[in-house]
Amino acid sequence: MTLEVAIRHRLGDFTLDAAFTSAGRVTALFGRSGAGKTSLVNIIGGLVRPDAGRIVVDGETLVDTSRGIFTPKHRRRLGYIFQDARLFPHLSVRGNLLYGQWFNARGDKAPKLDGIVALLGLEALLARRPSALSGGEKQRVAIGRALLANPRLLLMDEPLAALDDARKAEILPYLERLRDEARVPIVYVSHSVAEVARLASIIVALEHGTVSAIGPVGEVMGRLDFLPVAGPAEAGAVLDAVVAGHDDALGITRLETAAGLLSVARLDLPAGARLRARIRARDVMIATQALTGVSALNLLPGRIVEVAEQGRGVFELAVEVRGQRILALVTRKSVQDLGLAPGREVTAVIKSVALDGMGAVAGR
Amino acid sequence: MFELTADEWEALRLSLKVAFWAMAASLPPGIAVAFLLARGRFWGKLLLDGLVHLPLVLPPVVTGYLLLLVFGRRAPVGSFLADTFGLVFAFRWTGAVLAAAVMGFPLLVRAIRLSIEAIDTRLEEAAGTLGAPPWAVFATITLPLMLPGIIAGMILAFARSLGEFGATITFVSAIPGETETLPTAIYLLLQNPGGDLGALRLTLIAIAVSVAALIGSELLARALARRLGGA
């Protein structure tokens with residue numbers, strides 16, 4: 001599946017001028033609120049007609065203003081999952097789920113009700129009315145409803161934004177199963193680094209209506225200029241990790257990543273389980289000499305490859321560890337006192353590792 | 001004393017018939033006009049809005065006289081309809097239906113329009129993304145969600161038609177068995193010495209029918225609200 005977008009659209013004072021191509025399984029449209037994410041996904045979904053530009057999905061041109069092509073939303077076969085689930089209040093959960101099947105050809109490959117109900121854990125909800133569902137349940141039904149319309153692409157506009165943390169934690173595993181099992185590519189709109197790091201394969205970063213960065217998650221998250229976009233609290237390198245083994249005596253799980261072995265507090269996951277390790281820049285210290293007697297478990301030797309000033313005395317730097325970039329935030333004083341500059345051999349001291357994507361088991 | 005005379009039965013039967021047909025005939029145009037007023041953006045919308053609501057503020061006698069001017073036997077529209085379709089309004093029960101429909105129309109449109117304006121159009125958008133073409137969105141989402149308003153409007157129009165007096169008596173007079181509905185029958189009975197008892201009987205019936213319509217609409221509205229989960 002490929003998605004090709006190149007559009008220009010004015011909304012009052014704001015101009016959306018975005019172009020990108022993605023063949024990723026999960027393409028994250030990432031950016032702060034007001035960056036134009038929802039407008040862009042509305043244009044892809046056919047809810048808004050762009051002033052100019054083209055949209056091509058899987059080789060089929062859905063929009064091309066120069067040739068006067070505009071496919072209405074009901075003929076695009078794009079599933080849209082809204083922030084508010086938008087379930088039909090006069091239909092039962094089953095009625096909602098089956099709604100799209102009235103209008104879409106049901107081939108052998110089309111998803112079946114039973115399969116989707118099992119995938120999303122909806123068995124107990126089928127006879128209920130939408131008003132009797134919790135926020136998380138509503139969103140699961142909305143996802144099932146979109147899938148059963150047999151879309152070639154799912155658009156998700158901050159599907160978790162309206163939910164509290166407990167409900168988010170309830171939905172995320174289903175989204176992962178969707179990504180790994182349903183074989184429908186997803187465009188995922190979010191302003192949450194944690195969600196994007198956990199789910200996405202490609203990041204398309206939007207700033208003030210234009211694409212400021214695009215690429216695989218690990219690559220984009222490792223860029224220094226992406227740090228301000230992601231925000232200093234959450235920004236940092238993302239590494240694909242596999243559970244290598246446990247040390248029960250020490251209460252430790254070892255994760256294998258391209259940057260080396262990482263030790264984290266014991267995880268309840270089998271060896272071979274895949275997850276994403278996010279090393280926040282603010283959790284990384286830089287040492288210029290070999291360290292002994294530190295409580296941090298993970299010391300990764302590497303070489304500084306990039307230094308940039310973020311402003312207000314804060315510098316961001318990238319340390320290359322076995323070809324992987326680890327980001328760190330340091331003060332100007334440290335940069336001067338330690339002589340931190342590209343080429344310098346240092347040790348990245350990692351205070352903590354944020355683990356995203358727990359529960360996604362390899363080989364499933 | 002509660003025994004109805006044949007004429008009184010006839011008036012009740014005719015009233016129900018006229019009110020039913022007035023309600024049924026005005027429903028399709030009522031939905032269309034309500035939809036135009038709620039969703040449409042066009043030149044002359046205010047004019048249409050005013051026109052629809054005119055019978056609500058005009059003296060009913062004036063409305064009846066205007067109907068006579070337009071739909072009378074020799075009036076332009078009236079003669080055209082009579083010659084082309086054989087549809088005669090003047091001094092027929094169909095004329096009573098027309099008068100009642102015109103008088104009830106603003107109430108019908110108003111109730112339906114309010115229910116359309118209360119619909120979350122984002123639900124219609126969602127239906128579109130699921131593959132439903134516009135006509136199907138209307139039939140499967142918009143119309144069901146309008147239902148409470150449609151039913152409320154129908155009951156209002158029905159009740160208004162039952163009570164219609166001024167426009168009816170002006171347009172089609174009060175011909176027993178043809179255009180003499182309950183209110184006109186009550187009025188005429190009161191004009192006769194000794195008609196008090198008959199007028200009282202018909203009054204009680206009018207009250208009973210109106211109360212039944214109100215209770216019926218309330219029960220229906222509740223059942224619908226339950227179906228929509230109180231939303």
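1. Which helices of chain B each supply at least two residues of the lining of the largest pocket? In this predicted model, they are α1 (6-39), α2 (45-57), α3 (60-71) and α5 (93-117) of chain B. The most comes from α5(B), which gives seven residues to that lining.

2. The largest pocket holds about 540 Å³ of space. Its lining is made up of 21 residues, and those nearest the centre are L67(B), F71(B), L98(B), A101(B) and V102(B). By class, the lining has 18 nonpolar residues, three polar and no charged.

3. Chain B, which supplies these helices, has ten helices and zero strands. Read from the N terminus, its elements run α-α-α-α-α-α-α-α-α-α. The C-alpha trace of chain B spans about 70 × 45 × 30 Å along its principal axes. The chain has 231 residues, of which 45% count as buried.

4. There is also a nonpolar patch on the surface of chain B, with an area of about 620 Å². The residues that make this patch are L197(B), L200(B), L204(B), I207(B), V211(B), I215(B) and L219(B). One of them, I215(B), sits in helix α10 (residues 196-227) of chain B. Because its relative accessibility is 49%, I215(B) counts as partly exposed; the class of exposed residues begins over 50%.

5. Turning to charged pairs, the whole structure has 31 salt bridges over all chains. Side chains of opposite charge can pair when their charged atoms come close. Three of the pairs are taken up in the points below.

6. Which residue of chain A does D64(A) pair with in a salt bridge? The partner is R54(A), and the closest N and O atoms are 3.6 Å apart. This pair links distant parts of the chain, with D64(A) in strand β5 (residues 60-64) and R54(A) in strand β4 (residues 52-57) of chain A, ten residues apart. Is D64(A) buried or exposed? D64(A) counts as buried because its relative accessibility is 5%, and the class of buried residues lies under 20%. R54(A), at 32% relative accessibility, is partly exposed.

7. A second pair crosses between chains: D84(A) and R122(B) meet through their side chains in a salt bridge, at 2.7 Å from N to O. On the chain A side, D84(A) is in the loop between β7 (78-81) and α2 (93-98), while R122(B) belongs to helix α6 (residues 121-129) of chain B. D84(A) has a relative accessible area of 28%, so this residue is partly exposed. R122(B) is also partly exposed, at 35% relative accessibility.

8. The pair in point 7 belongs to a network of salt bridges that links D84(A), R86(A), D120(B), R122(B) and E125(B). Residues of chain A and of chain B thus both appear in this network.

9. The third pair is again within chain A: the side chains of E320(A) and R303(A) form a salt bridge, with 4.0 Å from N to O. E320(A) is in strand β18 (residues 314-321) and R303(A) in strand β17 (residues 298-311) of chain A, so the salt bridge ties together parts that are 17 residues apart in sequence. E320(A) is partly exposed, its relative accessible area being 31%. R303(A) counts as partly exposed at 34% relative accessibility.

Definitions and conventions
Residues are numbered from 1 along each chain as its sequence is written. Chains are lettered from A and ligands numbered from 1 in the order in which they are written. This is a predicted model: local features need pLDDT of at least 70, side-chain atom pairs count only at pLDDT 80 or more; totals for chains, interfaces and linings use all residues. Side-chain values use heavy atoms; hydrogens and water are left out. Patches are made of residues with over 30% relative accessible area and no salt bridge: like charges are joined within 9 Å, nonpolar side chains (Val, Leu, Ile, Met, Phe, Trp, Tyr) within 5 Å. Accessible areas come from the Shrake-Rupley method with a 1.4 Å probe; for residues, only the protein chains shown count as cover. Helices (H or I, at least four residues) and strands (E, at least two) are DSSP runs, numbered from the N terminus. Buried means under 20% relative accessible area, exposed over 50%, partly exposed in between (1.4 Å probe, protein chains only). On a 1 Å grid over the protein atoms alone, a cavity is a set of points where a 1.4 Å probe fits but cannot get out, and a pocket is an open set with protein on both sides within 12 Å along at least five of seven lines; lining residues have an atom within 4 Å of a point. Grid points are joined across faces, edges and corners, and a volume is the space filled by probe spheres set on the points. Ala, Val, Leu, Ile, Met, Phe, Trp, Tyr, Cys and Pro count as nonpolar, Asp, Glu, Lys and Arg as charged, and the others, Gly among them, as polar.
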